[in-house]
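Got your viewer open and a hand on the mouse? Let's take a walk through this one together, stop by stop.

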Amino acid sequence: MGDTFIRHIALLGFEKRFVPSQHYVYMFLVKWQDLSEKVVYRKFTEIYEFHKMLKEMFPIEAGEIHRENRVIPHLPAPKWFDGQRAAESRQGTLTEYFNALMGLPVKISRCPHLLDFFKVRPDDLKLPMDSQVKKPETYLMPKDAKSNVTDITGPIILQTYRAVADYEKSSRTEMTVATGDVVDVVEKSESGWWFCQMKTKRGWVPASYLEPLDSPDEAEDPDPDYAGEAYVTIKAYTAVEEDEMSLSEGEAIEVIHKLLDGWWVVRKGDVTGYFPSIYLQKAGEEITQAQKQIRGRGAPPRRSTIRNAQSIHQRSRKRLSQDTYRRNSVRFQQQRRRPARPGPQSAEGARNNTPTQHTKAQPAVPPRPSADLILHRCTESTKRKLASAV
């Protein structure tokens, strides 16, 4: 089955909490080798203790013996008093620190100390009790942030959604919701599983069971892209509904519509259909690890399969039919294959009487004789006739 390791660590932001006293915790999205994604919360003091232990475990790489041998990145010690400004400014430092850490040799980047630190804890799945005065405030990293983090002037309001039907969790990392429950969405995964929090609970919920409070959810979906994006199937799927597509593992397809619920519209030839995005990976990327057994969650359920889904919006959820996808896709492919129309002949080509790049060569046409030339030819012909008559 292979060794367990972390593929990527992304800092999402931080939370300002007030129970039992005011403090800050950082939110990390941890992507594991089995393609699962976990959201964990760690205090900076915990991160710094982890850092110190890592240096003790690898003294050579920490530069304890020879300073020039140091490869483990530096991390500043916590201050006596850590306020919100310090929490904000550390985001860039932590992003750089863990990016550098994941690029180190395997004996460090995959050591048990690192894996244990980022394993999901019970506290990661259960929110602290809300204070009677304030509830936790969430500050998210800007999506386009690289190493430098822009100043954040206030908490970012998480998107609020409502459950359209009852959902019973099937694993401890998921969250049970009842019809009408209101949740805050922390992370929207392309797989169609969203990490949500509600009062003292948090966990993954299928996006198909959720709808925004302010507008119908189909308005959030991006527009189709009939040019298509190349992907490869990493797991076989057999269609259950008529508008789905059955594909074997390792098939090359094109994605033409990425929907938020994790069911994307794919194209193979002129045929289109829904396919779970969790079983797809971009073409050209390393798929050896992805082809291993996908553990944990499978494809999320589709909205059309949920019985008694109760929407609060008057305008019902409307999506394109597969007939529409196919017609638009075929039309786009025909236009793409159609040769370009000839353009006007360039002035230079006209002067030289040569075909341009976009025009087809025409046979040469003799110039039209002038009136004087015609009269001259007629006069000479008449003279010849009179001379022969004499």
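Before you click on anything, one term: a residue is called buried when its relative accessible area is under 20%, exposed when that figure is over 50%, and partly exposed in between. Keep in mind, too, that you are looking at a predicted model.

**Stop 1: the whole chain**

Show everything as a cartoon. The protein chain has seven helices and 14 strands. Of its 390 residues, 42% count as buried. Now switch on the surface: the accessible area is about 23000 Å², and 52% of that belongs to carbon and sulfur atoms. Contacts reach far along the sequence as well. Among contacts with a separation of 6 or more, 61% are between residues 24 or more positions apart.

**Stop 2: a buried charged pair**

Select aspartate 124 and arginine 42. They form a salt bridge, and their closest N and O atoms are 3.1 Å apart. Aspartate 124 sits in the loop between α4 and β4 (137–140), while arginine 42 belongs to strand β3 (residues 37–42), so this pair ties together parts that are 82 residues apart in sequence. Are the two buried or exposed? Both aspartate 124 and arginine 42 are buried.

**Stop 3: next door, phenylalanine 118**

Keep arginine 42 on screen and add phenylalanine 118. Not counting its neighbours within four places in sequence, phenylalanine 118 is in contact with arginine 42 and also with Ile6, Ile9, Phe28, Val30, Trp32, Val40 and Phe98.

**Stop 4: the nonpolar cores**

A bit of background first: in soluble globular proteins, nonpolar side chains tend to be buried together. Here, the largest nonpolar core has 36 residues. To find it, select Tyr26, Phe28, Leu54, Leu94, Phe98 and Phe118, the residues with the most contacts inside it. Then colour β1 (6–17), β2 (23–32), α1 (44–57), α2 (84–102) and α4, each of which supplies at least two residues of this core. Which of them gives the largest share? That is α2, with six residues. There is also a second, separate core of 30 residues, and Leu12, Val25, Trp193 and Tyr209 are among them.

**Stop 5: histidine 113**

Go to helix α4 (residues 112–117) and pick out histidine 113. With a relative accessibility of 18%, histidine 113 counts as buried. What does histidine 113 touch, leaving aside neighbours within four places in sequence? Its contacts are Phe50, Met53, Leu54 and Met57.

**Stop 6: along helix α1**

Now select lysine 52 and glutamate 49. Both lie in helix α1, three residues apart, which is about one turn of the helix. Their side chains meet in a salt bridge, 3.4 Å from N to O. Lysine 52 has 35% relative accessibility and so counts as partly exposed. Glutamate 49, at 46%, is partly exposed too.

**Stop 7: a bridge from loop to helix**

Next up are glutamate 61 and lysine 107, another salt bridge, with the closest N and O atoms 2.7 Å apart. Glutamate 61 is in the loop between α1 and α2, and lysine 107 is in helix α3 (residues 106–109), so the pair ties together parts that are 46 residues apart in sequence. Check how each partner sits: glutamate 61 is buried, with a relative accessible area of 13%, whereas lysine 107, at 48%, counts as partly exposed. If you like charged groups, select Asp221, Asp261 and Arg319 as well, since salt bridges that share partners join these three into one network.

**Stop 8: two neighbours in one loop**

Finish in the loop between β14 (280–282) and α5 (322–337), where you'll find isoleucine 312. At 43% relative accessibility, isoleucine 312 counts as partly exposed. Add Val182 and Leu213: together with Ile312 they make a nonpolar surface patch of about 230 Å².

Histidine 313 lies in the loop between β14 and α5 as well, but at 16% relative accessibility it counts as buried. Measure from its side chain: a polar atom there lies 2.7 Å from the backbone oxygen of proline 212. Setting aside residues up to four places away in sequence, histidine 313 touches Glu211, Pro212, Leu213, Asp214, Ser215 and Pro216.

Terms used
Residues numbered from 1 in each chain as written. Predicted model: local features only at pLDDT ≥ 70, side-chain atom pairs only at ≥ 80, totals over all residues. Heavy atoms only, no water. Patch = residues over 30% accessible without salt bridge, like charges linked within 9 Å, V, L, I, M, F, W, Y side chains within 5 Å. Areas by Shrake-Rupley, 256 points an atom, 1.4 Å probe, with all protein chains shown as cover. Salt bridge = Lys/Arg side-chain N within 4 Å of Asp/Glu carboxyl O. Helix = DSSP H or I, 4+ residues; strand = E, 2+ residues; numbered from the N terminus. Buried < 20%, exposed > 50% of the residue type's maximum accessible area, 1.4 Å probe, protein only. Contact = heavy atoms within 4.5 Å. Polar contact = N/O pair within 3.5 Å; in protein donor to acceptor, adjacent residues only side chain to side chain. Core = buried A, V, L, I, M, F, W, Y, C linked by side-chain atoms within 4.5 Å.
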